[in-house]
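Q: Could you take a close look at one spot in this model for me and then show me what goes on around it? I'm new to this, so please keep it plain.

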Amino acid sequence: MVVQKAFFSILFLICFYGTINAQKFVFKQFKTLSCPEKRWVIFHPFVAKKAFKIAVDAREKTLEIKQQKFLIGVGNGDQLDAFRHAYWMAMLAKEIGERKSKKLGVAHEKGNYKQYNKGMLEDEVLPDKISCEMDLFNNSVGLKIAKVATSSNLLEIVLGAVKKGDCKIIKTDAQGYFLDSDNNVIPKEELSGKWENRKVLVNSNY
């Protein structure tokens, strides 16, 4: 039954995109997803298209924020990274509901662990445990914001949450080197290829 449901879900998504080029595009995007994310799509085929569009929009908005220098960082364990996850999850919750959004966020992080085991990069870096913890925390912030924000002020509220320290980032020094709980620089060789390490989370206004 699961295999049959998967087939019809994928078929539905492909047909839903109309043109041949769009069908090829959506099938290509589906193939790049991790197994947990594919499973989410299979069980939520009617909102998968909308979820994909929101993910693209969130990345584009994060790039705009980066270019305008509203937040600090380049998008890896920093304010920009925190913003992307909180904004993505808030937008998702507004459009497809809190429960489906939360499940997708968890599926994404499970996918990161599988990527780590295969040595695959996410945003040009190897995922690790602390990064997943950070993402899940910031996802939860986004879900809370969705309950009180409107479509017109959601972006402003997410930006404010990051700047006030309501989100989490990974602790670094002024040069961008990762620090442990005692403010010691963690050597790069110690971080290389390890799921668990001495990185720590701090408030996003650190």
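**A close look at I170**

A: Leaving aside residues up to four places away in sequence, I170 touches G77, I130, S131, M134, F178, K199, V200, L201 and V202. Keep in mind that you're looking at a predicted model. I170 sits in strand 1. So is it buried or exposed? With a relative accessibility of just 2%, I170 counts as buried, because the cut-off for buried is under 20%. One of its neighbours is worth a second look: G77 is 93 residues away along the chain, yet the C-alpha atoms of I170 and G77 are separated by 5.1 Å.

Let's zoom out for a moment. The protein chain has 9 helices and 2 strands, and from the N terminus the order is α-α-α-α-α-α-α-α-β-α-β. Of its 206 residues, 42% are buried, I170 being one of the buried ones. Contacts across long stretches of sequence, such as the one between I170 and G77, also show up in the overall count. If you take contacts with a separation of 6 or more, residues 24 or more positions apart make up 63% of them. On the outside, the accessible surface comes to about 12,000 Å², and carbon and sulfur atoms own 57% of that.

Now follow the chain on from strand 1. In the loop between strand 1 (168-170) and helix 9 (188-191) you'll find D180. Its side chain meets that of R198 in a salt bridge, with 2.4 Å from N to O. R198 is in the loop between helix 9 and strand 2 (201-203), 18 residues from D180, and the pair links distant parts of the chain. D180 counts as buried at 5% relative accessibility, whereas R198 counts as partly exposed at 34%. E190 joins in too: salt bridges that share partners tie D180, E190 and R198 into one network.

Why might such residues pair up at all? Side chains with opposite charges can pair when their charged atoms come close. The structure holds 10 salt bridges, and here are two others to find. K147 pairs with E98, the closest N and O atoms being 3.7 Å apart. K147 is in helix 7 (residues 129-148) and E98 in helix 6 (residues 98-118), so this pair ties together parts that are 49 residues apart in sequence. K147 is exposed at 61% relative accessibility, while E98 is partly exposed at 39%. Then there's D166 with K164, where the closest N and O atoms are 3.8 Å apart. D166 is partly exposed at 38%, and K164 is exposed at 58%.

Finally, have a look at two helices earlier in the chain. The axes of helix 4 (residues 45-68) and helix 5 (residues 79-96) come within 9 Å and cross at roughly 145°. That crossing is right-handed. Where they meet, helix 4 brings residues including V47, A51, I54, A58 and I65, and helix 5 brings L80, F83, Y87, W88 and M91, among others. Sorted by class, this contact has 13 nonpolar, 1 polar and 6 charged residues.

Terms used:
Residues numbered from 1 in each chain as written. Predicted model: local features only at pLDDT ≥ 70, side-chain atom pairs only at ≥ 80, totals over all residues. Heavy atoms only, no water. Axes fitted to C-alpha atoms, helices over the stretch in contact; angles between N-to-C directions. Helix = DSSP H or I, 4+ residues; strand = E, 2+ residues; numbered from the N terminus. Left-handed = near helix turned anticlockwise from the far one by under 90°. Contact = heavy atoms within 4.5 Å. Nonpolar A, V, L, I, M, F, W, Y, C, P; charged D, E, K, R; others polar. Salt bridge = Lys/Arg side-chain N within 4 Å of Asp/Glu carboxyl O. Buried < 20%, exposed > 50% of the residue type's maximum accessible area, 1.4 Å probe, protein only. Areas by Shrake-Rupley, 256 points an atom, 1.4 Å probe, with all protein chains shown as cover.
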